[in-house]
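Here is a short tour of the side-chain contacts and the sheet in this structure. Keep the viewer open and click along as you read.

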Amino acid sequence: MKNEKLFQTQGGHIILSQIENEYGLEIKQYGAPGHAYMTWAAKMAVEMGTGVPWVMCKEDDAPDPVINTCNGFYCDYFSPNKPNKPTIWTEAWSGWFDDFGGPVHHRPVEDLAFAVARFIQKGGSLVNYYMYHGGTNFGRTAGGPFITTSYDYDAPIDEYGLIRQPKYDHLKELHKAVKLCEPALISADPTVTVLGNYEQVPFLSLFSFC
């Protein structure tokens with residue numbers, strides 16, 4: 001990709017890169033060798049000199065300058081391991097995969113939209129939907145035992161490229177609202193007043209300025 005000049009620093013469109021995926025979920029069972037591998041992978045990635053940031057999803061001890069990020073249904077609780085790193089939600093789950101004999105999973109768009117708005121309100125700087133466009137694994141391949149070849153994921157655009165309503169339009173309206181709030185959101189860090197358990201007031205927030 002670097003040879004083809006695809007990174008933003010070269011005039012391309014790639015603004016972010018990832019090394020490993022959710023290795024933090026496995027690293028404990030490997031102990032010191034697992035940590036050594038993670039550190040080596042991060043160092044190797046940075047030394048490629050792509051000019052764009054590198055991230056490690058669900059890797060709490062990602063070494064500088066690699067950014068640890070959040071994957072999940074909700075990430076408003078998440079903070080990176082250093083205050084100088086941006087808060088990034090690399091997988092905002094729009095649904096879930098299906099397995100044979102199991103239910104077809106659906107996530108209400110109201111829940112997803114609220115989770116995204118809450119994440120941005122709490123200081124989140126980037127949200128990536130997983131999935132925004134569903135897909136299909138062909139050739140009888142899948143992500144694991146008894147998982148179907150459909151990877152529709154209840155996405156706003158389904159695996160056939162068709163718009164799924166009301167999820168698509170609801171998120172479209174959310175994105176318009178966030179864009180309208182951009183000047184306020186990036187003007188300063190919010191001053192947070194804690195009112196009690198699970199209650200706080202951000203002076204500079206998505207909802208107070210829009």
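Which residues are linked with Arg 164 in a network of salt bridges?

## A salt-bridge network

The network is made up of Asp 152, Asp 154, Arg 164 and Lys 167. Please keep in mind that this is a predicted model.

Start with the side chains of Asp 152 and Arg 164, which meet in a salt bridge at 2.8 Å from N to O. Both residues lie in the loop between β7 (150–151) and α3 (167–180), so this pair ties together parts that are 12 residues apart in sequence. Asp 152 is buried, because its relative accessible area of 11% falls under 20%. Arg 164, by contrast, counts as partly exposed, at 22% relative accessibility.

Arg 164 also meets the side chain of Asp 154 in a salt bridge, here with 3.5 Å between N and O. Asp 154 sits in the loop between β7 and α3 as well, and so the pair joins parts that are 10 residues apart in sequence. With a relative accessible area of 7%, Asp 154 is buried. Lys 167 is linked into the network along with these three residues.

## Salt bridges elsewhere

Across the model, the count comes to 10 salt bridges. One of them is formed by Lys 43 and Glu 47, whose closest N and O atoms are 2.5 Å apart. Are these two residues buried or exposed? Lys 43 is exposed, and Glu 47 is exposed too.

## Aromatic pairs and a cluster

If you like rings, there is plenty to look at: a search of the whole structure finds 13 aromatic pairs. Take Phe 73 and Trp 93, with ring centres 5.0 Å apart and planes at 85 degrees, so the pair is edge-to-face. Phe 73 lies in the loop between β3 (67–72) and β4 (88–93), while Trp 93 is in strand β4, so the contact ties together parts that are 20 residues apart in sequence. Phe 73 is partly exposed at 31% relative accessibility, whereas Trp 93 is buried at 11%.

Tyr 130 and Tyr 151 form an aromatic pair that is edge-to-face too, with 6.3 Å from centre to centre and 80 degrees between the planes. This pair links distant parts of the chain: Tyr 130 belongs to strand β5 (residues 126–130) and Tyr 151 to strand β7, 21 residues apart. Tyr 130 is partly exposed, with a relative accessible area of 23%. Tyr 151 has a relative accessible area of 19% and is buried, because the cut-off for buried is under 20%.

Which residues form one aromatic cluster with these four? Trp 96, Phe 97 and Tyr 153 join Phe 73, Trp 93, Tyr 130 and Tyr 151 in it.

## A charge over a ring

Now look at Tyr 74. The charged end of Arg 107 sits over the ring of Tyr 74, at 5.0 Å from the ring centre.

## The sheet

Five strands form an open sheet in the order β1-β2-β3-β4-β5, with parallel pairing. Which strands are at the edges? They are β1 (17–18) and β5, each of which pairs on one side only.

Inside the sheet, strand β2 (residues 54–57) and β3 run parallel and are joined by three bridges. To find your place between them, look for Val 55, which stands opposite Ile 67 in β3.

## A proline in a loop

Pro 86 has its place in the loop between β3 and β4. At 34% relative accessibility, Pro 86 counts as partly exposed. Which residues does Pro 86 touch, not counting those up to four places away in sequence? The contacts are Ile 67, Pro 80 and Ser 125. Pro 86 and Ser 125 are 39 residues apart along the chain, yet their C-alpha atoms are separated by 6.3 Å.

## What the record says

An unreviewed UniProt entry carries the annotation "domain: Glycoside hydrolase 35 catalytic" for residues 4–177. Over residues 4–177, the chain is 25% helix and 16% strand. The end C-alpha atoms of that stretch are 36 Å apart.

Technical notes: Residues are numbered from 1 along each chain as its sequence is written. This is a predicted model: local features need pLDDT of at least 70, side-chain atom pairs count only at pLDDT 80 or more; totals for chains, interfaces and linings use all residues. Side-chain values use heavy atoms; hydrogens and water are left out. A salt bridge is a side-chain nitrogen of Lys or Arg within 4 Å of a carboxyl oxygen of Asp or Glu. Buried means under 20% relative accessible area, exposed over 50%, partly exposed in between (1.4 Å probe, protein chains only). Helices (H or I, at least four residues) and strands (E, at least two) are DSSP runs, numbered from the N terminus. Rings of Phe, Tyr and Trp (its six-membered ring) pair if their centres lie within 6.5 Å; planes under 30 degrees apart count as stacked, over 60 as edge-to-face and the rest as tilted. A charge sits over a ring if NZ of Lys or CZ of Arg is within 6 Å of the ring centre and within 35 degrees of the ring normal. Two strands pair if DSSP finds at least two bridges between them. UniProt positions are given in the numbering used here, feature names are shortened, and annotations may be inferred rather than shown by experiment. Contact means heavy atoms within 4.5 Å.
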